[in-house]
Structures are given as C-alpha cells and as structure tokens.
Amino acid sequence: MGRVDSRVNDGLDDESGEEPEGSIWHALGLTIASAVVWGVAHLATGRRVVGGLLMALLALVIGGGVIVVLDFREELKQIAVQSDWLAGIIGGILLLALVWSAVVVRSYVIVRPSGMSVVPRMLAGAVVVVLVIGVCTPLVWAARDTYTLRDTISTIFHADDTKPPVVKNVADPWKDKPRVNILLLGGDGAGDRVGVRTDSMTVASIDTHTGDTVLFSLPRNLQYFPIIPRLRKRWPSGFTGVSAGDEGLLNELFQDAEDDKSLMPGYAKGRRGPALVSEEISYLIGQPIDYYVLVNLFGFADIIDAMGGVKVHIAHDIPYGGPEDGSAPTGVLKAGNRKLNGKQALWFGRSRTMSSDFVRMGRQKCLMKDVAEQADPQRVLTSFQKLAKAAKKTISTDIPAEMLPALIRLSGTMKQGAQVTSLMYVPPQFQNVRPDLRVMRQAAAKAIAESEAARRTSSATPVTPGATADPSTSAGPRVSADPGTSADPRTSADPSKSASPNASKSSSQHKSKAVSLTAACG
C-alpha cells in the first residue's frame, strides 16, 4: 500500500499502481539514468506527468545556463563582481544540488524491487549515496568557488570607514568623466622588513570611452621633489624626509605617512600611506588620482605561481638570486623569451644588479603587461582558490565595490584594440633630483593629448583592406607615440630607454613622448 500511495503522490494518472518488478540491477540502471536525465525512472514506472515535468525542468536549467553563458558573457562578468548577485548564485547552486539529490533518491525509491534482503538493500543504498555525492560534488565546488570570489571581493574592495568613497552614478560613473586615473603601487613590505617602501609607482590614465591608456611611471629615487602645498611650510625647498638620515626620496613618503598621522589627518593607519602618495603624485603630474591599488611585491610572486608562471621577454641577462650587498648572484635569468616562476618574476621586476632603478622600472611595466595578458579565464579558473588566497594577502585598494561592474566594462573596452603608451620620468629626459614641476606636468598633459589625438586620427583615416596601417597613426596596441621611433623591440635594449635609433634628439623633443608599451617590451 505504501508503494501505491507514493505513486499517487507522484502524480500517477491512469496506471494501476502495481509494485515495480525486475532485478536490483534494473532498478539501479534506471536510477543512474535518472541522475543524468531527470524523469527517466518516473516514465519507466508510468508516472508520465511527473517524468515529463522533471525532464522539462532539467532542459530549462541546462538550456537557460547555455544561453546565459553564450549570449550574456559581458553581463556575467559584471554580475560576478557584485556581492548580492553572488550570494543569490550561491543559494541557487545549493538549491540545485538539493533538488538533484532528491530526484536521484526518489527515482530509486519508485523503482526498487520489493522484498530485498538486507545485503542487497545496503549495497543498493550505497550506490545511491555514491550517485548523490557524484552529482552534488561539482555543484558544491562551484558554490565554494563562488563564495571564495565573494569573500575575496569583500576583503579587497571594502570601504574605508573614515573616508567612505562616494559613487555618484553607479550605473554609469563615466557619464561625465572622460578619464579615470588609477595609481598602481608596488610595495616591498614583508615579514623580515620594517615598513613599506613603494618601489613601483605608476599612474594608469584610462580614456573611459576608448580604453586607450597612458602609463606614467615615477622613479622610487625621485629626490627633493616639490611637496604638496599644504605641507609646504614643513618642506619649503622640497621633500627632505622626516627623520635624520632620510634621503628625501619619493618611496619614503608612504611609510612616513603611516608613522606620522599629522601628514594625513583623518585617515586610518593603512590608508594614510597610499593617500599621501596619491596626493603627492597627483600634484607632481598635474592629474587627479581617482583610486589606488597597492600590491605587495612579495605576495605578487604567489599570484605568479598560482597562474603557473608568466612568459616574459628578457632583453639582457639579469643576475638572479644575489643579495643586494653586492656579493655574487646565485644564478642568471638568461636573455630571450622565458617562462618565470613567482620568485624569478620578482627578481626580474626588482633586480638592480648591473642595472639601475630606471631600467627595472621598464621591466616592471612589461611584467605587469605580461601578467595582464596571460591571466586568461581558463588559467584563472583552474587555480582560482590559490589566486584568491594570494590576492587577499597581496592587494589592497580604495576602489569601492560599487565601481567594479563599470571597471569590468571598461576593461572589456581596453581589450578591443586599445592603445597603451608609457611615459617614464627618468633621466636624461627628466631630472630625478629636484625635478621641475612645470616640465613634469606639461609632459603628462602632452602625453594624454597625443594619445587622444592618435585615436581621433586613426578613427578618421580609413585603411584600405589588405594594406598595412601606418604605425604612427594606428590605434592598435603596437602604435608608437613618436612617428620617428621604431616599433621594433630589437632597437631598444630596455623599455626605460628610447625605442628609436634617433635617441640623440634634443631632450626637449622627448620630454613628453610616451612610447608604445607593446613595442618597448618586445
């Protein structure tokens, strides 16, 4: 009677309600089939209504998922960075796992033969449990990864309680904003080092309509630079440091602000350093800084390892593993196209042995470019947990979470042939001791103007099919900011130097010239 009642509850229409017949293997076969295609067991036992509904529901779930993935990829990327949506997705995945498990169990219940002895019943039950685990495991893993993504976003992109960000137009923050400027800081904080020194400081100025980007790189050893007006009384002749023995370098400013809250009143510790560096760099180049991203360079090595390494072009042999006291290195990163692990990539970006701060600045930008290009979705997904763990302990920022969908859309625009050029404030084009504020600002303004003009020129100049576009006007990623410079990376020994044999031109001609990052990095 219990079996007949269960069939009635399942929606049996005109069937007689007889007990299911057949062997246990037949029952398990139908159960396995139902684990793959919902409703098979129900149809086999005459429960056509419920079986049809289950099949339709499964088709709806799978078909809907395929349509969303194929037709709404850009929307999915934006949803993937919104905590509320991610919480809903986690709940949906777990609900699907629960429903799928119920379908498997119920399918076995309605097809199992009656009168089984204890041993066959236990064996069949074990098979059903294995089936449930099999269908639930990938869904539970998906829910776990989604939770990890949500937690990572919440950890990195959290608001500063003392200075909460203000996003006036979340739906379209670029409506009245032609450019967004993001300061990228590379800090050398580690367990065996006191404080943080920002050895890498680059402003990415991004055109919010085209994605064209100009990178402004400032050297760590920029010395006795003009200080922001509100601190002018303390350093009237340029920044000379806070304590006796300080060298007055730009990379000292971060830790000085962290140690002395009077330099950035109203900011919490951990935010004072990046806030003051942002304010000072904004003053030096004459461009507003909207947000900052701070990356711990030692943690950056973990990100590289989680990616499975990074491929780079090495222009010259780089001594590897040698301590900074000048003693002999333990190895060499050989010139050529190489794949580096995290530790090697860190040395590639930071080594100054037989080199200089200015040379390594160029390598750092090339490393950033290579990592960004090689962080494809497949590599990210296969190492997601490792990447998330490394990112949470490596990256901090004041970018509000509400801005992430807009930044995702902007990154998509950047990948569609955006031009990336680079301007480095290094000798001989620029002074690194007591730099000229007017010259620095004019150079930044000119680099931005040239980037925008190059886009307008390329948009207005049609290219004949089959013909090669002029590299001086092309908006592709290999454009050179100076028509007289060569885009061949072999003519440039290092990205920090001119990519042209015409490097002997007067410095006044080159002070504001940004060069193609793709061409410079080879």
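**Figure 1. Tyr-224 is partly exposed, with a relative accessible area of 27%.** The view, like those that follow, is taken from a predicted model. Tyr-224 sits in the loop that runs between β3 and α8 (253–259). Its backbone has a phi near 55°, a positive value in a residue that is not glycine. As general background, most residues other than glycine have a negative phi, and most peptide bonds are trans.

**Figure 2. The loop between β10 (420–424) and α16 (437–460) holds Pro-428, and Arg-434 has its place there as well.** The peptide bond leading from Pro-427 to Pro-428 is cis, its omega being near 0°. Arg-434, although not a glycine, has a positive phi of about 50°. With a relative accessible area of 44%, Arg-434 is partly exposed; the range for that class runs from 20% to 50%.

**Figure 3. Overview of the chain, which has 18 helices and eleven strands.** Of its 522 residues, 46% count as buried. Contacts between residues at least 6 apart in sequence were considered, and 70% of these join residues at least 24 apart.

**Figure 4. Stretches annotated as transmembrane region in an unreviewed UniProt entry.** According to that record, the annotation covers residues 23–41, 53–73, 85–111 and 123–143. In the predicted model, residues 23–41 are 79% helix and 0% strand. The C-alpha atoms at the two ends of residues 23–41 are 14 Å apart. Residues 85–111 are 100% helix and 0% strand, and the end C-alpha atoms of this span lie 39 Å apart.

**Figure 5. Packing of helix α2 (residues 24–36) against α7.** Two packed helices are described by the angle between their axes and the distance between the axes. Here the axes come within 11 Å and cross at roughly 10°. Because of this angle, α2 is roughly parallel to α7. From α2, the contact is made by Ile-24, Leu-28, Thr-31, Ile-32 and Ala-35. From α7, Pro-120, Ala-124, Val-127, Leu-131 and Val-135 take part. By class, nine residues of this contact are nonpolar and one is polar, with no charged residues.

**Figure 6. Crossing of helix α10 (residues 297–307) with helix α11 (residues 342–350).** The two axes come within 7 Å and cross at roughly 135°, which makes α10 oblique to α11. The crossing is right-handed. The contribution of α10 to the contact consists of Leu-297, Phe-298, Ala-301, Ile-304 and Asp-305. That of α11 consists of Gly-342, Lys-343, Ala-345, Leu-346 and Arg-350. The residues of this contact divide into six nonpolar, one polar and three charged.

**Figure 7. Surroundings of Gly-273 in helix α9 (residues 272–285).** What relative accessible area does Gly-273 have? The value is 0%, so Gly-273 is buried. Apart from its neighbours within four places in sequence, Gly-273 is in contact with Phe-254, Ala-257 and Glu-258. Lys-261 is twelve residues from Gly-273 in sequence, and their C-alpha atoms are 9.4 Å apart in space.

**Figure 8. Buried residues of helix α15 (residues 404–414) and the elements that cover them.** Leu-404, Pro-405, Ala-406, Leu-407, Leu-410 and Gly-412 are the buried residues of α15. The covering elements include the helices α5 (73–79) and α7 (118–156). The strands β1 (179–187) and β2 (198–207) are also among them.

**Figure 9. Thr-208 in the loop between β2 and β3 (213–218).** Is Thr-208 buried or exposed? Its relative accessibility is 8%, and because buried means under 20%, Thr-208 counts as buried. Neighbours within four places in sequence being left aside, Thr-208 is in contact with Trp-174, Lys-177, Pro-178, Arg-179 and Val-180, and also with Leu-410. Leu-410 is one of the buried residues of α15.

**Figure 10. Asp-172 in the loop between α7 and β1.** The relative accessible area of Asp-172 is 35%, so this residue is partly exposed. Asp-172 and Met-403 are 231 residues apart along the chain, and their C-alpha atoms are separated by 9.4 Å.

Key:
Residues are numbered from 1 along each chain as its sequence is written. This is a predicted model: local features need pLDDT of at least 70, side-chain atom pairs count only at pLDDT 80 or more; totals for chains, interfaces and linings use all residues. Side-chain values use heavy atoms; hydrogens and water are left out. Buried means under 20% relative accessible area, exposed over 50%, partly exposed in between (1.4 Å probe, protein chains only). Helices (H or I, at least four residues) and strands (E, at least two) are DSSP runs, numbered from the N terminus. Contact means heavy atoms within 4.5 Å. UniProt positions are given in the numbering used here, feature names are shortened, and annotations may be inferred rather than shown by experiment. Axes are lines fitted to C-alpha atoms, for helices over the stretch in contact, and angles run from 0 to 180 degrees between N-to-C directions. Angles under 35 degrees count as roughly parallel, over 145 as roughly antiparallel, 65 to 115 as roughly perpendicular and the rest as oblique. A crossing is left-handed if the near helix is turned anticlockwise from the far one by less than a right angle, and right-handed if clockwise. Ala, Val, Leu, Ile, Met, Phe, Trp, Tyr, Cys and Pro count as nonpolar, Asp, Glu, Lys and Arg as charged, and the others, Gly among them, as polar.
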